[in-house]
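Hi,

Here is the structure I said I would pass on. Have a look at it first, and then read on for what turned up in it.

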Amino acid sequence: MGFTQAIGGTRFSFPDLRCLLARATPPRSGDVLAGLAAASAQERVAAQRALADLPLAHFLAEAVIPHEADAVTRLIQDRHDRAAFAPIAHLTVGGFRDWLLSEAADAAALAALRPGLMPEMVAAVSKIMRLQDLVAVAAKCRVVTRFRNTLGLPGRLSIRLQPNDPVDDPRGVAAAVLDGLLLGAGDAVIGVNPATDNVETVMRLLDLLDTVRERYAIPTQTCVLSHVTTTMLAIERGAPVDLVFQSIGGTEAANRSFGVTLPLLAEAREAALALGRGTLGDNLMYFETGQGSALSAEAHHGVDQQTIEARAYAVARGFAPLLVNPVVGFIGPEYLFDGKQITRAGLEDHFCGKLLGLPMGVDVCYTNHAEADQDDMDALLTLLGVAGVTYIMGVPGADDVMLAYQSTSFHDGLYLRAALGRRPAPEFEAWMQRMGIERASGEGRLPAGLAPALLGLG
Amino acid sequence: MPEPVPWAALRRFTAARVGLGRAGHGLPTTAHLDFQEAHALARDAVHSALDVPRLAADLAPLGLPVLSVASQVADRRDYLLRPDLGRRLRPADQARLAAPPAPGTFLLVVADGLSASAVQAGAAALLGHAVPLLRGAGLALAPLVIAEQARVALGDEIGEALGAAMVAVLIGERPGLSATDSLGIYLTLGPRRGRVDAERNCISNIRPGGLAPEAAAAKLLWLAGAALRLGATGVALKDEQPAVPLLAP
C-alpha cells in the first residue's frame, strides 16, 4: 500500500512505510548517501504531512523490515503489548504528537505506555517534532536503574568516567580516573574502552578498575568496554565484571556485523547476573548505539538511519540495561555532517530511548572531519540537560587520546550540573562529600582519601 | 598527616589532558586555548590540499615514474560527504592509467586521505625507506601514483587498471587533537574494484612520535612477503613480524 500527499499543487507519492519514514526525516547526510532522503524540502514536508495522518495502528500491520527476514523485527512484533497500546490505538502519528505534548502524558502515563510502543512509532513521531518538542517530552519520562547506586532520579545528572589510554597503560588509566573523580565524574560508571580486545589486557583493566573502586570505596560500577564474547571469557576466568558492554544496532544484520545475536546477549547477561555483584539492583547491561552504523555495515534494508537507531533501542530494552547511549557524532560527516545534524540526532535518540523506557545517556561528541566544534557540543549538552539526559561522558579535557575524538569533559559535567541545578547520583554525592572532593579540587590538590599511592602512582 | 598531593602531579602519568585545574566549573583560559589550538591544527589538516608538483619533486629521487590521478570527488566537502566517489577514479584517469599497463608489479599509491599535510610532510621520507627495501627484495615496482581526494579503496581501481599484483596505499589519517601528521599504509593483494576492508592489512600511526618511517617500511616489506607466500592479505594474514623497537624519536 502506498501513500500520497499534495503540497503546493504537486502530488508526492511514497510506495511504502519505509519510504514514507525516510522521506519525512529531517535532513542528514547518511540518508542522502543511502539514496533514501527526500529530494526537496517540499517532498520532505509532504511526507511529514502524510506521516502525521497515518494511524498508529498501521505500524502493527506493516513492518519496515519483514518479520521473516529479521530477528529484531520479530522481537519488536512478538513482544508488542496490545493492552498497553490501547490508550493510543485510536490516534494518528500527528495526534500522538499532540497527546505527548499534553498534560495528560505525565510520567505515569508515559511509563504505562512503554510496552505498547514500537520503535518505528516513536521514530515516526520524532520526525514531526521540533527540538523543543523532543526536549519537553523526554523531560517528562522517568527511568530509574540500579546496580551499586541509583541512576535517573529527578534532579540528578550522572557522568560516565571514560579514562581511555592509547596503549592501555594502567598508570595512564589510573591518573585519568583520579582526575575524573576529583571533578565529580564516575557515578554512571567508570568505563574504559580498551585499545585492543585482547582478553589478558581486558582482565588487567578490570582488575585495575575494581581495585580503584574498592580502595576508595566508591559507590559505583566499573566496565571495560570489550566485545561481549571477550567479557564472557573474562567472567569464565574469574575477572571482576560488573557490567556487560556491547555495541548494538537495529537490524539482525547490523548486530551480526558487531558479532552478536540476541541469544548471545542473553547468555552474557545471565553469566554476569550469576556473579551477583550488584548491591542495589541487577541492571547490568551497557549498550552503545549510533545512527549510521547499519548503513556503514550495509545492513539497513533501505530504512533511514534514525528509524534503525530507534529499533536498536528495542533490542536494548529486552535486557534491562543500566546504561544506554548513542555515540552521536563519532561515526563521521558522511552520516551526520555538521553540528546541526549532530544536535538533532542526539535529541532524537534521547527522546526515542526515553519514550521506550531506556536509561538514556548521550555521548555528545564529534570528530575533526565533522563540521562541528566545542560551541556545538555546548549547545547539545545544554539541550540534553534540559531534556533530562540520564548521563553524559566525562573525558579529560574533552580529548579522548585513544579514540581520537572529542567528547564532553569532566568540566562540562560540572558546568551542566551547576547551570541546571542537577546533582550526582545520591550514593555517589554522599561519597563525594565524605571525601571532601569539591574543596580539594578548588584548592588544586587531591583529597587525602584519594591518595594516588593507593593505586601505585608514586 | 602526609603532604597533600597537587592535582597537576597526575600529568606525568598520561598524555591525556588531566590536572588542568578549574576556573569555577570551567576550563582555565590557557587549557581552553590549548584545546582550541589543537582543534584548529586538526581542522586545517583535514581541509589542506595536496601540492602535487611539489610532492612529485620530493619523490623524484626515488627514480620511479610518477603519475598523478584524482577521484570523482569535486571538492573537500564532497569528499567528506561522498566516500563512494572518493573510491572511484575520474573517467579520464581510468583510460590514461591502462596504457601501458604494469602487470604483476608492486604498486605504491600516495593518497591525500583526511590529511594532505601529513602526506606532504611524511610521504617522501617513508618511501625513501620503503622503495629501496622493496627493490632489494626483488619486487618489480609500478610507476608511483599520486592520488587526490582519495579514499583507501581508490587504490583498488588504480591497481586493477595497471594490472598490479599488489597495492600499498599511503594515506593521510584522520587528524586527532594530539597528532595531525599521521600516515597509514593499507596493503591489498590482487587489487580490483569491490575489495573490502577485511581484505587489507593496515599499518597506522606513522609519524614523528609514533611509528618511525623505517619501522613502517620494514613492516610493509614483511607483510608484502607474507602476503605473497600466503596468497592473501586481510584477516587471514596475521602480523607476526618479530618485535622491533617501533617508536620514532
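Where is the place of Phe428(A)? The residue sits in helix H21 of chain A, which covers residues 426-435. Before you read too much into any of this, keep in mind that the model is predicted.

Is Phe428(A) buried or exposed? Buried: its relative accessible area is 0%, and the cut-off for calling a residue buried is under 20%. As for what surrounds the side chain and backbone there, leave aside the neighbours within four places in sequence, and Phe428(A) is in contact with Leu181(A), Gly184(A), Ala185(A), Gly186(A), Asp187(A), Ile218(A), Pro219(A) and Thr220(A). Take Asp187(A) from that list: it lies 241 residues from Phe428(A) in sequence, yet the two C-alpha atoms are 5.9 Å apart in space.

Now for the sheet. It is open, has five strands with parallel pairing, and runs in the order E7-E6-E5-E12-E11 in chain A. Strands E7 (222-224) and E11 (361-362) of chain A are at the edges with a single partner strand each, so one side of each has no neighbour in the sheet. In general, strands of a sheet pair through backbone hydrogen bonds, in either a parallel or an antiparallel way.

Going pair by pair, strand E5 (residues 158-161) and strand E6 (residues 189-192) of chain A run parallel and are joined by two bridges. Arg160(A) has Val189(A) as its bridge partner in E6(A), and Leu161(A) has Ile190(A). Helix H20 of chain A (residues 410-420) packs on the sheet, where it touches E5 and strand E12 (391-394) of chain A. The direction of H20 makes about 175 degrees with that of E5(A).

On its other side, E6(A) pairs with E7(A), again in the parallel sense, over three bridges. One of the partnerships here is Val192(A) with Val224(A) in E7(A).

Which residues cover the faces of E6(A)? Val189(A) and Gly191(A) are on one side, Ile190(A) and Val192(A) are on the other, and all of them are buried.

Last, the connections. E5(A), helix H11 (residues 170-182) of chain A and E6(A) form a right-handed β-α-β unit. From E6(A) the chain then crosses through helix H12 (residues 199-215) of chain A to E7(A), and this β-α-β crossover is right-handed too.

Cheers

Conventions
Residues numbered from 1 in each chain as written. Chains lettered and ligands numbered in written order. Predicted model: local features only at pLDDT ≥ 70, side-chain atom pairs only at ≥ 80, totals over all residues. Heavy atoms only, no water. Pairing = 2+ DSSP bridges. Helix = DSSP H or I, 4+ residues; strand = E, 2+ residues; numbered from the N terminus. Contact = heavy atoms within 4.5 Å. Axes fitted to C-alpha atoms, helices over the stretch in contact; angles between N-to-C directions. Buried < 20%, exposed > 50% of the residue type's maximum accessible area, 1.4 Å probe, protein only. Right-handed = clockwise from strand over helix to strand, strands pointing away.
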